[in-house]
Amino acid sequence: MSQAALRIRAEAAFASAFGTTPQACVQAPGRVNLIGEHTDYNGGFVLPCAIDRATVIALRRRRDRRVRVLALDCEGARDEFDLDQPIAHPQGQPWAAYVRGMVQQLLASDLALPGLDMTITGDVPQGAGLSSSASLQVAVGTAFRAVGALPRVDPTQVALMAQRAENGFVGCRCGIMDQLVSARGQAGHALLIDCRSLDTCAVPLPHGVAVLIAHSMVRRGLVDSHYNERRAACEAAARHFGVAALRDLTAAQLASSTLDPLTLRRARHVVTENDRTQRAAVALERGDLSAMAALMAESHASMRDDFEITVPAVNRLVNVIGHVLGGQGGCRMTGGGFGGCVVALLPAERVGAVESAVHRLYRSPEGLAAKVFVCRASAGAGPLNG
Ligand code: GLA
């Protein structure tokens, strides 16, 4: 759905739910990560881009301190709470935890928030590893910005609050990548993020190169527990080496280690992935698609063999696409892992060949065809004007 169509949907629902017109409409995009997986919480580098799939919120400031929310994509589920009461976990409405968690973080930052009515919709596929939840949290922060409630809060701070909400309220110990690129993405560019300093550098996507996402239709099960487990292994490795984070570990230190073999492989993924990600930013900047393709292939192998976060169906999907591209473009799993999507960077004229090969040759374990979509690198969160 186009952003204009999402906006119309959110605004129309607002009028019928709240009996008045919304005061503003905002969006926050999902993201696809080109390379740099599980490096963010290790203080390392990532290279995602925001995509043209977003969460859209129509909103109006209230005179009191109530927040009322209607989630159009969850069968019109509603949530309502008071800013002057402790914010409790919602019962049986997972989406509402993202909204409440974000509001709790805004309150914890001593911001004087007004009440707000919101209708929420979006077209970021859920459970696909494209950060629908981060885009929801960043959209909620952006909604409060749109009514002037966060005068001194910049997009990076919104992203940090969204991350804290996910860590503390929702319970997934994610890094900063998803929220930061949703808040700060740039149209036509990927964002090289140094996840320690939070410096970002926009890297233009080469002309004529398409970003293709294929959803394996393997929904990511038990993601949070696997994810937190990988993070714990990385932290154990960092402690073993006496470094603040795996970002600080060198390949030479790794080679001469007495660490147990499993934790060593986890650490090796992070160390090699950090190096690949920085080299990938250079390759992309130069428009060197074959260097980028080689790095993406290495990244996938490292996620498969060392970090062990790919599932067989995702590996098959990567092989099908890699076979068609034959080195003329790159392909790898993207996101937290254990199902979800793969991303390919390829000459735009090869998109049709990839789509038809995926359609002919790939089925999920349940017999489903992959969903393929070509996306545009897009701008980060902000008001929808006009
Ligand atoms: C999820 C997390 C991110 C990042 C990726 C893996 O998307 O939310 O912080 O760790 O997994 O790269």
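How many Å separate the centres of domain 1 and domain 2, taken over C-alpha atoms? The answer is 26 Å, and the two domains, whose bounds come from an automatic or database domain assignment, are residues 3-202 for domain 1 and 206-375 for domain 2. The structure is a predicted model, in which local features need pLDDT of at least 70 and side-chain atom pairs count only at pLDDT 80 or more, while totals for chains, interfaces and linings use all residues. Residues are numbered from 1 along each chain as its sequence is written, and side-chain values use heavy atoms, with hydrogens and water left out.

Between the domains, 35 residues of domain 1 are in contact with 45 residues of domain 2, where contact means heavy atoms within 4.5 Å.

Turning to the ligand, the residues that surround it (each with a heavy atom within 4 Å) are R31, E37, H38, D40, Y41, C174, G175, M177, D178, Y227 and G336. Three of these residues place a polar side-chain atom by an oxygen atom of the ligand, at 2.9 Å for R31, 2.7 Å for E37 and 2.6 Å for D178, and each pair is a polar contact (N or O atoms within 3.5 Å). The protein covers 93% of the 310 Å² of accessible area that the ligand has on its own, as given by the Shrake-Rupley method with a 1.4 Å probe.

Key. Polar contact = N/O pair within 3.5 Å; in protein donor to acceptor, adjacent residues only side chain to side chain.
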